[in-house]
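Work through the exercises below with the model open. Each task is followed by a stepwise solution.

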Amino acid sequence: MSQFPQVKDTLQLIEKLVSIPSPSGNTRKVIDSCEQYLENLGLEMKRNRKGGLLITIPGKNKEQHRMLTAHVDTLGAMVKEIKSNGRLKPTMIGGFRWNSVEGEYCKIETDSGKTYTGTILMKQTSVHVYKDAGEAKRNEQNIEVRIDEITKSEEETRKLGINVGDFVSFDPRVQITPSGYIKSRHLDDKASTAILLQLIKHIQSEKIELPYTTHFLISNNEEIGYGGNANISPETVEYLAVDMGALGEGQASDEYTVSICAKDSSGPYHYGLRKHLVQLAKDNNIDYKVDIYPYYGSDASAAINAGHDIVHGLVGPGIESSHAFERTHESSLINTEKLLFAYVMSPITEI
Ligand SMILES: [Zn+2]
């Protein structure tokens with residue numbers, strides 16, 4: 001049996017995924033890439049109508065199922081207006097602050113599939129011109145996209161084929177450091193997507209028999225609230241979202257352990273499943289942290305809100321400066337991979 005996890009492969013896969021633009025609403029290319037990664041393994045795969053990818057591995061017990069999900073959609077923006085100076089006024093996709101993308105390079109994708117590059121800037125950027133460059137509010141009124149094309153008017157920008165409704169994606173600026181960090185935008189939740197894809201590949205290529213039929217959903221609308229709240233089979237007992245642990249002052253999570261969520265803004269996660277995950281971590285010498293994320297919701301809580309009668313949980317690698325300049329360490333990825341493997345091999349929680 002090959003060694004699992006292989007963190008170098010996970011890092012490479014994360015690098016590949018974050019480099020494919022996929023703001024919520026425009027995720028086909030990244031879903032194609034996930035599907036290609038798993039092809040030729042003889043897996044049962046299908047796309048749901050929302051565009052997500054559903055993979056099912058039959059297990060020994062076919063009456064009780066499990067589901068694990070990670071999402072590939074990311075934060076981004078959309079062209080709201082073309083300004084009279086030819087620049088673009090963006091509107092947000094997902095929840096972030098404009099200051100976290102100020103100065104970022106971006107791509108504008110037209111509906112014909114043509115891509116232009118640009119930069120997200122405050123209109124008051126030049127300190128030689130604007131006295132309020134530092135104090136001006138970072139908001140939709142002041143933020144604009146400077147396109148790397150010769151255009152000085154709305155008409156010239158329209159001639160490029162750019163229109164209201166075009167998607168804008170942020171440059172991930174991915175870097176893997178010799179000290180074991182990966183820093184990039186969109187580690188939420190492409191780090192966990194890579195982990196799930198690796199796990200599926202490992203189970204399938206090593207012909208590991210799972211105790212229960214297990215579904216894996218690569219969802220594509222999580223950042224806007226409804227990624228993984230459907231396609232849950234009636235046999236599904238446990239539903240585990242694999243997403244990021246939130247770091248900051250007072251948080252227990254860090255960049256080196258797997259974070260097990262006890263509660264987020266949707267309320268507590270299932271107590272029995274949380275205790276089961278903690279026990280698995282203890283039994284397998286996996287470094288973990290139990291934590292509470294104050295301003296957070298996951299696809300598992302979205303599924304509960306949609307009315308599914310399931311046992312729900314949330315785990316993931318700790319992501320520093322989430323929805324901004326994200327970073328994690330390979331040890332957090334390894335601990336998450338180990339916990340997920342132990343979990344899919346474990347008995348279903350006694351409720
Ligand atoms: Zn996420």
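## Exercise 1: backbone outliers

At 22% relative accessibility, His323 counts as partly exposed; partly exposed lies between buried, under 20% relative accessible area, and exposed, over 50% (1.4 Å probe, protein chains only). This is a predicted model: local features need pLDDT of at least 70, side-chain atom pairs count only at pLDDT 80 or more, and totals for chains, interfaces and linings use all residues. Residues are numbered from 1 along each chain as its sequence is written, and side-chain values use heavy atoms, with hydrogens and water left out.

Task: state the phi of His323 and of Asn231, and place each residue.

Solution.
1. His323 has a positive phi of about 60° and is not a glycine.
2. His323 sits in the loop between β18 (311-319) and β19 (327-329). Strands (E, at least two residues) and helices (H or I, at least four) are DSSP runs, numbered from the N terminus.
3. Asn231 also has a positive phi, about 60°, and is not a glycine.
4. The loop between β12 (212-219) and β13 holds Asn231. Its relative accessibility is 31%, so Asn231 is partly exposed.
5. For context, most residues other than glycine have a negative phi, and most peptide bonds are trans.

## Exercise 2: the zinc site

Task: list the protein donors of the zinc ion and classify the site.

Solution.
1. Donors are N, O and S atoms within 2.8 Å of the metal (3.2 Å for Na, K and Ca); water is not among the atoms, so sites may look incomplete.
2. His71 gives NE2, Asp188 an OD atom, and Asp243 is listed twice with OD; the distances are 1.9 to 2.6 Å.
3. The angles among the four donor atoms run from 51 to 138°. Four donors count as tetrahedral if all angles lie between 85 and 135 degrees; four count as square planar and six as octahedral if opposite donors are over 155 degrees apart and all others between 65 and 115; anything else is irregular. The zinc site is irregular.
4. Asp188 lies in helix α4 (residues 187-205) and Asp243 in the loop between β13 (236-242) and β14 (245-246), so the pair ties together parts 55 residues apart in sequence.
5. Asp188 is buried at 6% relative accessibility, and Asp243 is buried at 3%.

## Exercise 3: helix α4

Task: which peptide bond at Asp188 is cis, and how enclosed is α4?

Solution.
1. The cis bond joins Asp188 and Asp189, with omega about 5°. Asp189 is found in α4.
2. Of the 19 residues of α4, 16 are buried, so the helix is largely enclosed by the rest of the structure.
3. Lys207 follows α4 and has a positive phi, near 50°.

## Exercise 4: enclosed space

Task: how many cavities of 30 Å³ or more are found, and what lines the second largest?

Solution.
1. On a 1 Å grid over the protein atoms alone, a cavity is a set of points where a 1.4 Å probe fits but cannot get out; lining residues have an atom within 4 Å of a point. Points are joined across faces, edges and corners, and a volume is the space filled by probe spheres set on them.
2. The search finds two such cavities.
3. The largest cavity holds about 80 Å³. Among its 13 lining residues, Leu75, His186, His323, Ala324 and Glu326 are closest to its centre.
4. The second largest cavity has about 30 Å³. Its lining includes His71, Asp189 and Asp243.
5. β3 (61-71) and β13 each supply at least two lining residues there; β3 gives the most, with three.

Definitions and conventions. On a 1 Å grid over the protein atoms alone, a cavity is a set of points where a 1.4 Å probe fits but cannot get out, and a pocket is an open set with protein on both sides within 12 Å along at least five of seven lines; lining residues have an atom within 4 Å of a point.
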